[in-house]
Amino acid sequence: MKVPFSWLKEFVDIDITAEQLQEKLFSCGFEVEELIPLGRDVENVAVGRILKCEKHPDADRLTVCEVDCGDKGKKQIVTAATNVFEGALVPVALDGATVLHEGGIQKIKAGKLRGVLSEGMFCSGEELGITDDFYDGAEVNGILILKEGDAAEGADIRPAVGLDDYIFDIAVTANRPDCQSVFGMAREVAAILQKPLKAPDFSHGAAKTNVKIPVEVQEPALCPRYIGHYVSGVKVGTSPQWMRRRLALCGIRGISDIVDITNYVLLELGQPMHAFDRNFLHGDKIIVRRAEEGEKIVTLDEKEFSLHRENLLICDAERPVALAGVMGGLNSEIKPETTEVFFEAASFARDSVRKTARALGQRSDSSARFEKGVEPVWSPARGMERALHLVEELGCGVVTAFGADVAAAAPVQKIIRTTYAKLDAVLGIEVPRETTRAILTRLGFAVRGEGDALEAAVPPWRDDVEGYPDLAEEVIRSYGYEHIVPTFLKTAAVTHGGLTSAQKRELKFKQTLANEGYFEACNYSFYSPKDFDLLRLPADAPERNAVKILNPIGEDLSVMRTILAPSMLANVVRNVRRGNENGRLFELANVYAPAVGDELPAEHKKAVLALWGEGDFFDLKGAIEAIAEAFSLKLSYARVALPFLHPGVSAKVMMGEKEVGFLGQLHPAIAEELALERKVFLAELDYAALSRKFAAEIDYKGLPKFPDAQRDLAVVVKEETTCAEVEACILRACKAAKRAELFDVYRDLRLGAGKKSMAFRITFAAGEKPLDADALDGFFNKIVGNLKHNLGAELR
Amino acid sequence: MDLEQDDIVKEAEAAASSAEDSRALYEVKMQYLGRAGKVTALMKRMKDIAQEHRPAFGKQVNALREKLETLFASLETLAKAREMAKKLAAENVDVTMPGRHFARGALHPVTIVRNRLIDIFAGMGFEVFEGPEIENDYYNFTALNTPADHPARDMQDTFYVQGGLLRTQTSAGQIRLMEKKKPPIKMLSPGRVFRSDDDATHSPMFHQMEGLVVDRGITLCDLQGMLDEFVKAMFSENSKTRLRPSYFPFTEPSVEVDVSCHACGGKGCSLCKGTGWIEVLGAGVVNRRVLENCGVDPDEYSGFAFGMGIERIAMLKYGINNIKLLTENDVRFLEQFKD
């Protein structure tokens, strides 16, 4: 919110600099996002009086002027402007000055124009960055001619045209709608500086009138207060310079005095106002009601809206005349010929205004204030009084005695009854009672109470204050957080901290993969539905049944992940495009399944791995085996057909009978589509399922009495016989065989067409007696026999 | 008879000197000392020698044997040393060639910082609680004193899904834990959060770490004391904190917490935009309504809560200047976080 320094000074005698005030506001909870010095780009521009104007000897269009710049001396300025004259008071940019020019900053240097020295330049209003609202005549075509008495020769131009000011752009937190105005901030400033707060003039007359414009509020919940007042004898004109200038400083253009008054009150007190032309209020009546479905209104900016029941309307006896809290209707707007005005100062429910403003895409300074909250007690009443005062001050109308005031409920004085000790208990320090009392008093609380008892009547504009912790906050932010003395949980019980065992295992899982050479990735939890198409997932694939974001940023981030592989694939593509030809990545993250019944959508942890460039299927599989080893999992692998994996180089991962993931080479067709020249391997594991089988405790077994023995075995089998089949056959054949590990595969025509030799190292565990050669021979023969019988394998 | 001992020794020396390696030397040695060697042959002549000369002859032969044994022993030692030198010379490697090792990967910087944060607070007795990422309105907003028409809802742009919303803050974890567990509570709740915000400095998904302490007699001083400990452990031993007023619906009073700039020590630099302070987290005394919503008696217990963005801490700690780097997963970025 923009607050001009000069306007604040009207309410508080500020005797510190703008920068100092910025710091004080910051430490009291008001961050000044930007402190804008006006006229900072207008340097070394002085007021000068033209003493003499002569035609340029060599140029018809140029005039050579002699200018008295006071203590800056007499200067000769050559100008092309035609509105200068002898005796005129003008801004002179001296040698080295800066002025604004076409959106940038221009430096002015002395130099010759057609052979005649010009020691600077006369400035237009535009070059000073001002409009008519700042200074009358600023928008004339030519040089800005200053009014007599506004400035002396030689003086800096900035004070003369109102550029000697600062704008505070303040971030007001959501709990302080009362500070969404100049006067609201002035209250805080007065409290901070411990200075008196000067209230604006609320006084006004009440001329007799016979006119009555009764107000009927049909929706008190949406309109807790509606104040209207009738002003007669209106002569619409232009508001005075000081008012237009203040509006301009806050970014609002002057329109007409009546409209400017409503905007002025909005900025000054935070109370949105509206002015109706009474002659266009049919039936001299105001009704606040919900719109009928499909009812239409044309707002001041000539846009037509078709309305719904949730939109609140201000209507006359026959038709809508304003969209409550958002914008007035075109049918009753103030025009130059308006002679009677009905002012409105109301409080509308913030949610109602917000919904209407958002649904219609129609926002205004008023709706912005109402959305943050305008309390019904102080603000509308004072806002109306102030507007009426300004009508009289500007002399643009006669304030009559007729006013309507409809309140949904009688105002209740909120009183917080507590103790100083309770406030101190929140803070942990003892704040002197007189300090607490003084701070609260300065902030507008009426404080009473004997001894430790504290009774604080909350000022009506402080809707946010509800209990003693709020008072504690008011005290400490004024008293200063530097008074807080760090302590370390003096009174707290000892608690046991740290990760749960499930959390520790998750970390171990990640660490295991990192030790295998994989880098942990982090991807958004959402992606595009097109990612399913990229994976060639069929229309009925369960992965396509994703949780959809109802208000996504874009389609690219519109569905919650059901499978992690697409994110990983995107990572690989990005890496390869950036020239990272090899890499290994993993991610452990949730996938999401749509809600069933009243439940929240289900979350389920999965792990995804990718490997590209160097390495192959078995390198990736090695990482999964490392996981199995780290957590004592028994996993097996079998061929699988997945649409996004190479049919010959892909497997499903099984844990017992349960499928817990897949791994394989990215389908060459997809790789081609993504211009991936080197092979990419992907794996995805159901972490949640795996984690349920993670070995809970270390399972110690005593050492065997006798050492294990090993025998190597090479058999010739059919090409399609798998390692897993041979291994299973070996282990089934002999109880003592506890491991059979493939160490060589050999193919040769001498073995026969379509045959291969597989060599296994078999480890036998000894039982109650040592393994002797006879026993081992027995095992070996039994295994060979079984292999022959079951797989047609021949010993090599 | 006299043995021409010296001649034999000389002859042996000459033969040995032409032996190229210890194997050839051994063969020469065998020609003299082997079973069919010359010395053995001399011994065999014993029987042809007169009885009275035998002892002297035997002595001479033995002396010759000893001489030759000594000779060959020293030659063998030399030969072995030569051979070792040759072998070593042949086995010379270029020690500046690269070594072989298995390249390790690394955890993501967000995980590293998250682990570090957990380490710091676990030591102070905080347990770690993870709530769901898809939340309902109650846990994300209402229970946190942010009812439907509350203006604070506009502070965070929320993603909605059928049946819920993507949590905008890990603060939701406060409620879920307090519903299950009664004070004393010291909890951390780390995790992903989501906001409908995607520009140069905002990601629609990032990580937060919420902290909550609820016990008897907890005050704002305890909050500051704990945060002081935290920033010392996280940033540097000289780090300081500064509290300043702010607003969150679920804390009262609410504060923003700044840490003294670790890059310049508080003098002012580009990292802290010349202020000497860096905003790191939001915190405050738990709002009584939040405790009530969880069935905790606010007259008996009080507490504080704090929340920080893990990415922000990581960016400050490592000097990462762009939040997008954290989700691009460029391996050249990730491999810098091996620790």
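I would like to start with a pair of helices in chain A of this predicted model, where H20(A) and H21(A) are oblique to each other, because the angle between their axes is roughly 130° and so falls outside the ranges that count as roughly parallel, roughly antiparallel or roughly perpendicular. To place them for you, H20 covers residues 723-733 of chain A and H21 covers residues 773-791 of chain A, and their axes come within 9 Å. The crossing in which H20(A) passes H21(A) is right-handed.

Which residues make this contact? On the side of H20(A) they are A:Glu725, A:Val726, A:Cys729, A:Ile730 and A:Ala733, while H21(A) contributes A:Lys782, A:Ile783, A:Asn786, A:Leu787, A:Asn790 and A:Leu791. Sorted by class, the residues in this contact of H20(A) with H21(A) are seven nonpolar, two polar and two charged.

Let me move on to the contact between the two chains, to which chain A gives 79 residues and chain B gives 72 residues. On the side of chain A that touches chain B, the largest share comes from helix H13 of chain A, residues 468-479, with six residues. If we look at the composition of that side of chain A, we find 39 nonpolar residues, together with 25 polar and 15 charged ones.

Finally, a word on chain B itself, for which the domain assignment gives domain 1 at residues 5-90 and domain 2 at residues 111-337. How far apart do the C-alpha centres of these domains of chain B lie? In this model, the C-alpha centre of domain 1 of chain B lies 89 Å from that of domain 2 of chain B.

Key:
Residues numbered from 1 in each chain as written. Chains lettered and ligands numbered in written order. Predicted model: local features only at pLDDT ≥ 70, side-chain atom pairs only at ≥ 80, totals over all residues. Axes fitted to C-alpha atoms, helices over the stretch in contact; angles between N-to-C directions. Helix = DSSP H or I, 4+ residues; strand = E, 2+ residues; numbered from the N terminus. Parallel < 35°, antiparallel > 145°, perpendicular 65-115°, else oblique. Left-handed = near helix turned anticlockwise from the far one by under 90°. Contact = placed C-beta atoms within 7 Å. Nonpolar A, V, L, I, M, F, W, Y, C, P; charged D, E, K, R; others polar. Domains from an automatic or database assignment.
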